[in-house]
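Here are a few short exercises to work through with the viewer open. Try each task before you read the solution below it.

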Amino acid sequence: MLMYLHIHCAFLRRLASSRTHLNHAERTSLNFRLRFPIAAIALAGSALPAFASVLPEDRTDFLYHRYDGGGVTIDGPSILVRKSVGKSLSLSANYYVDMVSSASIDVITTASPYTEERTQYSVAGDYLRGNTTISAGYTSSVESDFDANTYHLAVSQDMFGQLTTLTMSYSYGDDTVGKSDDPNFIRDNTRQHYGIGITQILTRNMIAALNIEVITDEGFLNNPYRSVRFLDANLGQGYDFEKELYPRTRTSNAFGIRTKYFLPYRAALEAQYRYFADTWDIESHTASLTYIHPWRDFTFTAKYRYHDQTGAHFFRDIFSRSEATNFRGRDKELSPLSSQTIKLGVAYEFLSDGWSFIDKGTVNLSVDYLTVDYDEFRDISTGAVLGDEPLYQLEASVIQLFFSFWY
Amino acid sequence: MIKRQYLKVLLLILAGTSLSGCSSIEPWVKPYERDRLADPIMFLDMNPVSSAYIYHVYEAREGARGGEGTAGGGCGCN
């Protein structure tokens with residue numbers, strides 16, 4: 001399919017855990033899986049205006065992020081530097097850290113609180129030739145028991161009088177999974193992303209983007225620490241735990257569409273929808289609405305996002321017996337759930353007239369308030385008798401404070 | 001089944017571009033009419049470092065992944 005896209009027309013030829021600190025004997029699931037080389041997205045030049053064959057803007061961002069909820073605190077910096085070299089090449093680098101302190105529901109029920117740190121480095125380049133941008137990048141993520149390397153390639157082509165941008169992307173990742181209490185435990189994962197995106201100017205006030213992303217995983221996909229529970233009448237509490245076991249492959253498909261509209265006064269409204277389905281039988285719908293309102297040197301943002309998903313076919317809150325099914329998991333993120341997020345943000349622009357080599361700067365503060373309602377995953381930390389445990393609910397806040405400079 | 005649905009969508013897109021893409025298309029929004037689209041508030045991703053982070057949070061808290069941001073990008077989710 002990608003090959004066909006390359007050749008089908010002349011203009012295309014111009015183309016672009018809950019990991020626990022383990023009870024020493026047992027770690028459980030990593031509640032906040034921090035293993036995503038996310039910066040490849042940030043480095044992809046996506047802040048471009050949708051209609052020009054130009055390189056991404058030269059800018060530097062200093063971000064402090066903090067997630068706090070469900071007994072988990074994760075914070076750290078993210079620094080992104082982008083600079084063009086000549087007229088056709090833009091280079092970028094990102095340094096990102098997650099410092100984790102976890103006493104999540106998984107941790108407190110089957111293991112002990114832990115701290116962890118993940119460090120991620122990314123480098124990328126964008127090369128512009130005519131209406132074509134070719135991007136390549138590499139990301140490395142390191143934890144004490146998990147390493148991930150991701151290689152990324154994308155080609156973008158502006159066409160139809162630069163009303164349309166077609167982007168095709170591919171990335172390959174390989175992970176090495178370890179286990180802190182077993183130095184001989186080493187497992188591998190491979191991961192491939194295929195993406196096609198079209199950004200389209202619809203009117204002088206409206207743009208839209210359509211994205212299709214297919215991701216395949218193969219290897220050791222479950223968490224080496226997490227456990228599932230099963231009925232056991234021999235125990236006083238009525239259940240026991242055993243290790244989870246996932247399928248060794250997963251393929252997911254995501255179809256997303258977003259549109260942004262310039263309102264009659266200077267403000268913008270953005271609507272977004274995504275449909276997701278995978279071979280583990282998770283199906284989800286995600287929708288959001290964002291309003292952006294500038295006022296003097298300030299820009300205010302308000303966003304509401306809703307997500308609803310079915311659970312993986314091998315998820316159970318409790319299994320009928322030990323090894324009841326071929327595959328088994330109790331990761332609450334793979335259970336049926338719905339989540340809502342409200343975001344409020346404000347940005348203030350300073351140095352608007354420039355200073356030294358800096359053209360302008362902004363300081364941004366945003367808070368996301370996230371709630372998750374689980375349909376089947378129960379809170380067994382309450383001490384309630386088997387069958388009477390309440391469904392688990394999560395509330396979390398996400399704070400971002402960052403400075404940006406353009407030059 | 002799902003793959004077939006996506007395949008159909010892709011084929012429709014390709015068919016559309018095949019039928020129309022090789023002839024010259026007159027841009028219906030002229031370059032001088034794009035001042036509003038050039039406003040930073042109309043960028044699809046105003047702050048890439050911030051949006052990459054928040055998508056990372058969503059992917060850690062939910063079972064779905066991909067398709068929300070702009071095209072491309074790596075995500076080593078497992």
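Helices here are DSSP runs of H or I with at least four residues, and strands are E runs of at least two. Keep in mind that this is a predicted model.

**Exercise 1. Find out how many helices and strands chain B has, and what share of the chain is buried.**

Step 1. Apply the run rule to chain B: the result is two helices and zero strands.
Step 2. For burial, ask for 20 or more other C-beta atoms within 10 Å of a residue's own. Buried residues come to 49% of the 78 residues in chain B.

**Exercise 2. Decide which stretch of chain B should not be read in detail.**

Step 1. Begin with the global scores, which are ipTM 0.86 and pTM 0.84.
Step 2. Turn to chain B, where the mean pLDDT is 73 and 55% of the residues reach 70 or more.
Step 3. Look for the weak part: residues 70-78 of chain B have pLDDT below 50, although the stretch has 53 contacts in the model beyond near neighbours in sequence.
Step 4. Where pLDDT is low, predicted coordinates should not be read in detail.

**Exercise 3. Work out which elements build the largest nonpolar core.**

Step 1. Pick out the members that touch the most others: among the 24 residues of this core, they are A:Tyr67, A:Val398, B:Val49, B:Tyr53 and B:Val57.
Step 2. Map the core onto elements. Two or more residues come from each of strands S1 (59-69), S2 (72-85), S17 (360-378) and S18 (391-406) of chain A, and from helix H2 (48-61) of chain B.
Step 3. Rank the contributions: H2(B) gives the most, with seven residues.
Step 4. Zoom in on A:Val398. Leaving out residues up to four places away in sequence, A:Val398 touches A:Tyr67, A:Asp368 and A:Leu370, plus B:Ile54 and B:Val57.
Step 5. Check for another core: a second, separate one has 16 residues, including A:Ala154, A:Trp280, A:Leu334 and B:Ala64.

**Exercise 4. Classify A:Gln162 and A:Glu323 as buried, partly exposed or exposed.**

Step 1. Most residues other than glycine have a negative phi. Yet phi is positive at A:Gln162, near 60°, and at A:Glu323, near 50°.
Step 2. Locate them in chain A: A:Gln162 is in the loop between strands S6 (146-159) and S7 (164-178), and A:Glu323 is in the loop between strands S15 (298-309) and S16 (337-350).
Step 3. Count neighbours. A:Gln162 has 18 other C-beta atoms within 10 Å, so this residue is partly exposed. A:Glu323 has 11 inside 10 Å, so that one is exposed.

Technical notes. Residues are numbered from 1 along each chain as its sequence is written. Chains are lettered from A and ligands numbered from 1 in the order in which they are written. This is a predicted model: local features need pLDDT of at least 70, side-chain atom pairs count only at pLDDT 80 or more; totals for chains, interfaces and linings use all residues. pLDDT is the predictor's confidence in each residue, from 0 to 100. Two residues are in contact if their C-beta atoms, placed from the backbone, lie within 7 Å. A residue is buried if 20 or more other C-beta atoms lie within 10 Å of its own, exposed if 12 or fewer, and partly exposed in between; C-beta atoms are placed from the backbone. A nonpolar core is a set of buried Ala, Val, Leu, Ile, Met, Phe, Trp, Tyr and Cys residues joined through C-beta atoms within 7 Å.
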